[in-house]
Amino acid sequence: MIKKQKDEIREVYKEKRRNMPVEERFKRDTAVCNAALSLVSFRYAEYVLLYAPTQEEIDVMPIARAALEKGKTVLFPRCDKKTHTMKYHEVKSLDQLEIDSYGIAEPSEDCPIYDPASPGAAVCFVPGLVYDKAGYRLGYGKGFYDRYLSGFSGCTIGVVYSDYILPEVPRGRFDVTVDILLTEKGVRVTKDTKKTRPGKG
C-alpha cells in the first residue's frame, strides 16, 4: 500500500518537473545554490557530500565548485546497483566524474573512499523528488540514500523546490529524515521527534 502511494506521488511530481520551463528551473536551481553557500553548516564543513544531478534533479554543481575553491573535501557517491548501496569518493576536480552505464556521473573507482567516522564536520546534500515538512523524502524508489544516511551522523540537507514540500509523505520503517530543507526560497529546519539517524533523536 505504501509503495503504491509513493509511486502515485512520484508520477505527479515527475510530470510537474518535466513541464517546468528550462529558464524557470535554472533560476530556481541558482537560488537553491546561493542559499546553500550561506548556510553555517556549509561554511564550517570540512567534508561536503554532494550528488551529480540527473535531468530530474536540482543542479548542485555550483555548490561543488564553490566547495573546491574553498579547499573543502568534496565527495560524490558511487552506487552498487546490485546491493542498492553506495560509497562516497573524494574528487579534487569535477573532471574525475565519469558517466556510468545508467547515464549517471560518478567518481572514478580509484578516487579515495570517504569514511563517515572521519573526524571533522560533514554535510550531505540529499536529492529528493518530494519532501515533507518533517524531512522525509520520496526519491526514485531504490533506497540508496536511506541505507547510507542511517549510518551518517553529519548534517543532512534535503534539496527540493519549495512547492514540492508536502504536509506528509507515506513513510516506511526504513525511511530516514533530513535535518534541513534547502529550497529556492531559503532554508527551513525540519521538525520531527522521531529522527531515525544517529544523534538526531
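A salt bridge is taken here as a side-chain nitrogen of Lys or Arg within 4 Å of a carboxyl oxygen of Asp or Glu. In the predicted model, K92 and E90 satisfy this criterion, their side chains meeting with an N to O distance of 2.8 Å. The two partners differ in their surroundings, since K92 is exposed, with a relative accessible area of 65%, whereas E90 is buried, at 18%. In total, the structure holds 11 salt bridges.

Several of these interactions involve R28, a residue that counts as buried at 14% relative accessibility. Within helix 2 (residues 22-37), R28 lies 4 residues from E24, about one turn of the helix, and the side chains of E24 and R28 form a salt bridge of 3.0 Å, N to O. E24 itself is partly exposed, with a relative accessibility of 32%. R28 also pairs with D163, the closest N and O atoms being 2.8 Å apart. Because D163 lies in the loop between strand 9 (155-159) and strand 10 (165-166), while R28 belongs to helix 2, this pair ties together parts that are 135 residues apart in sequence. E24, R28 and D163 are linked with K16 and E184 in a network of salt bridges.

Nonpolar side chains tend to be buried together in soluble globular proteins. The largest nonpolar core in the model has 62 residues, and L49, L50, F76, Y88, Y114 and F125 have the most contacts inside it. Strand 6 (residues 122-127) gives the most to this core, contributing 5 residues. When neighbours within four places in sequence are set aside, L50 is in contact with V60, I63, A64, V74, L75, F76, P77, Y88 and F125.

How values were computed: Residues numbered from 1 in each chain as written. Predicted model: local features only at pLDDT ≥ 70, side-chain atom pairs only at ≥ 80, totals over all residues. Heavy atoms only, no water. Core = buried A, V, L, I, M, F, W, Y, C linked by side-chain atoms within 4.5 Å. Buried < 20%, exposed > 50% of the residue type's maximum accessible area, 1.4 Å probe, protein only. Helix = DSSP H or I, 4+ residues; strand = E, 2+ residues; numbered from the N terminus. Contact = heavy atoms within 4.5 Å.
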